[in-house]
Amino acid sequence: MQGKIEVGREIGATGEKLWGSFVEQMGRAIYGGIYDPQSDRADERGFRKDVLDSVRRLQLPIVRYPGGNFVSGYDWKDGIGTHRPRRLNLAWTQIEPNTIGLHEFYDWSKLAGTEVMMAINLGTATLRDALELVEYTNFPGGTEWSELRRNNGREEPFGFRYWCLGNEMDGLWQIGSMPAAEYAYKAREVSKLIKVIDPQIRTTLVGSSSPYLPTFPEWEKTVLDIAYEQVDYISLHRYYTHVKEGGWRAYLDQDRDLAEYIEKVSEIVQETKARKNSTHDVRLALDEWNVWHVENDSSADRWRVSDVRVENVYNFADAMLIAELVCVMANHCDWVQVGCFAQLINVIGLIMTENGGRMFEQTSYYPFLFASNHLNGKIREVRVVGENADRIRAAWCERKNGYAVLAVNGDERESAQLTLEVSADAEVTAEIMCAAPGDKNSFDEPKKVVPKTAEVMRRGGKMTVEMPPFSMLMLRCEQK
Ligand code: AHR
């Protein structure tokens, strides 16, 4: 199949927080994941150095923390100072030792070169708890909570800018779930007042947990109606899994579902803004997205610190879908401004570790790496023109002195020859990933599925790259 890449109008610029991730106090994300003092790979604080190296390569702009469902039962005061009580983690039937709390996670985030997006408990906690938390983290000093932070070793405010107003409050599984209006009034007050403490704060209102819950889209309409002026983003959560029919083609076609979901929520935001005659803009935070195969969820272990929870090992087909979802996000960057890939470590993670032992990067790590490293800037519409080109998905990003393009050939049988324009003095780097749909990385074979250098044929003002069936390409072109 011959496909010519054509670039069209500018869609928008990627928000600086689009390619973030998420670490929850869940499973082995923290204990056994980022923190493992038993491991000979840990630093003097107990943070795994190999994990930190891998996370740094992702150049994450933001990491959402500490949940997720966990946050709706969490008392942040358990994670500061010297008294660290062991508590029930009711969301995940585990024990939370509170060894890692606010200060420790902040320190880890600095080592990882990223910024924390804090989530506030709106399940069991009150408006007052939220205000005390923000006074503790963001107020310079001279008050009870800000002085306590200083006494606990952090002189300057943490200055957390991005805050989630609870998590999935429409879901019955959520600790303290509640009806839309009740949630919206509570969230509105929290948002209004934490912005009084620190006007730099940007808040995310909870949207429906999924477009397939009966709460959607009434939840969005109600919460936006009540809290529109006080918030900056509304959240979307989306996880994909196997489809019953249609094979890999139908599996990969689920990217269309994400596009529709984003478009529906953005319409509700626009309708709300128009109805209110508002000058304020609300954008979307896709603050949980990934592939999640629920069949691997079961774990007999309960009420321990490092119980295994949802440790999916991803195959190459999963990575292909993730690459397509990346294209959808980039191509909707005018609306989706914040994104958190859920999650970073062990729990449906990009990175997997053994307690005290080895680690590997999943197949899903690479399409995410392509996005976070190269799809930052102005996104333009992109079309692949040619017979049978409908199986190719792409995102095109204008970069300083050049451009980057991610392309995904989801056809299992046909290869694709992509043609792009290139000037004679431009430097081109192209990486290709290609494997059988079921291929995975593992502790024993950590580099089984990794990107390889792709061959680029240049002639005149054109270049051609061959994409084998079922492959993804990351190409960068830079003017010297
Ligand atoms: O990411 C795992 C869980 O999925 C989160 O805790 C929750 O918000 C979602 O349902």
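A polar contact is a pair of N or O atoms within 3.5 Å. With that in mind, one can look at how the ligand is held in this structure, which is a predicted model.

**The ligand and its surroundings**

The residues that surround the ligand are Phe22, Glu24, Gly68, Asn69, Trp92, Asn167, Glu168, Tyr239, Glu288, Trp292 and Gln343. Sorted by class, this shell consists of four nonpolar, four polar and three charged residues. Three of the surrounding side chains, those of Asn167, Glu168 and Glu288, each place an N or O atom at a short listed distance from an oxygen atom of the ligand, as the table sets out.

| Residue | Atom in the ligand | Distance |
|---|---|---|
| Asn167, polar side-chain atom | oxygen | 3.0 Å |
| Glu168, side-chain N or O atom | oxygen | 2.8 Å |
| Glu288, side-chain N or O atom | oxygen | 2.6 Å |

On its own the ligand has 290 Å² of accessible area, and the protein covers 94% of that area.

**Glu168 and the backbone**

Glu168, which has the 2.8 Å pair with the ligand, is found in the loop that runs between β7 (162–165) and α5 (180–197). Is Glu168 buried or exposed? Its relative accessible area is 9%, and because buried means under 20%, Glu168 counts as buried. The backbone of Glu168 also deserves attention, since its phi is near 40°, a positive value in a residue other than glycine. Most residues other than glycine have a negative phi, and most peptide bonds are trans. Gln59, which is not a glycine either, likewise has a positive phi, of about 50°, and it belongs to the loop between α1 (49–57) and β3.

Two peptide bonds that lead into a proline are cis in this model. One of them joins Tyr65 and Pro66, with omega at about 5°, and Pro66 sits in the loop between β3 (63–65) and β4. The other runs from Phe216 to Pro217, with omega near 5°, and Pro217 sits in the loop between β8 (202–205) and α6 (218–227).

**A nonpolar patch on the surface**

Which residues make the nonpolar surface patch of about 310 Å²? The patch is made by Leu88, Leu90 and Trp303. Leu90 lies in the loop between β4 (87–89) and β5 (94–96). With a relative accessibility of 55%, Leu90 counts as exposed, because the cut-off for that class is over 50%. Leu90 is thus exposed, whereas Glu168 is buried.

Notes: Residues are numbered from 1 along each chain as its sequence is written. This is a predicted model: local features need pLDDT of at least 70, side-chain atom pairs count only at pLDDT 80 or more; totals for chains, interfaces and linings use all residues. Side-chain values use heavy atoms; hydrogens and water are left out. A residue is near a molecule or strand if one of its heavy atoms lies within 4 Å of it. A polar contact is a pair of N or O atoms within 3.5 Å; within protein, one must be able to donate a hydrogen and the other to accept it, and residues adjacent in sequence count only if both atoms are side-chain atoms. Accessible areas come from the Shrake-Rupley method with a 1.4 Å probe; for residues, only the protein chains shown count as cover. Ala, Val, Leu, Ile, Met, Phe, Trp, Tyr, Cys and Pro count as nonpolar, Asp, Glu, Lys and Arg as charged, and the others, Gly among them, as polar. Patches are made of residues with over 30% relative accessible area and no salt bridge: like charges are joined within 9 Å, nonpolar side chains (Val, Leu, Ile, Met, Phe, Trp, Tyr) within 5 Å. A salt bridge is a side-chain nitrogen of Lys or Arg within 4 Å of a carboxyl oxygen of Asp or Glu. Helices (H or I, at least four residues) and strands (E, at least two) are DSSP runs, numbered from the N terminus. Buried means under 20% relative accessible area, exposed over 50%, partly exposed in between (1.4 Å probe, protein chains only).
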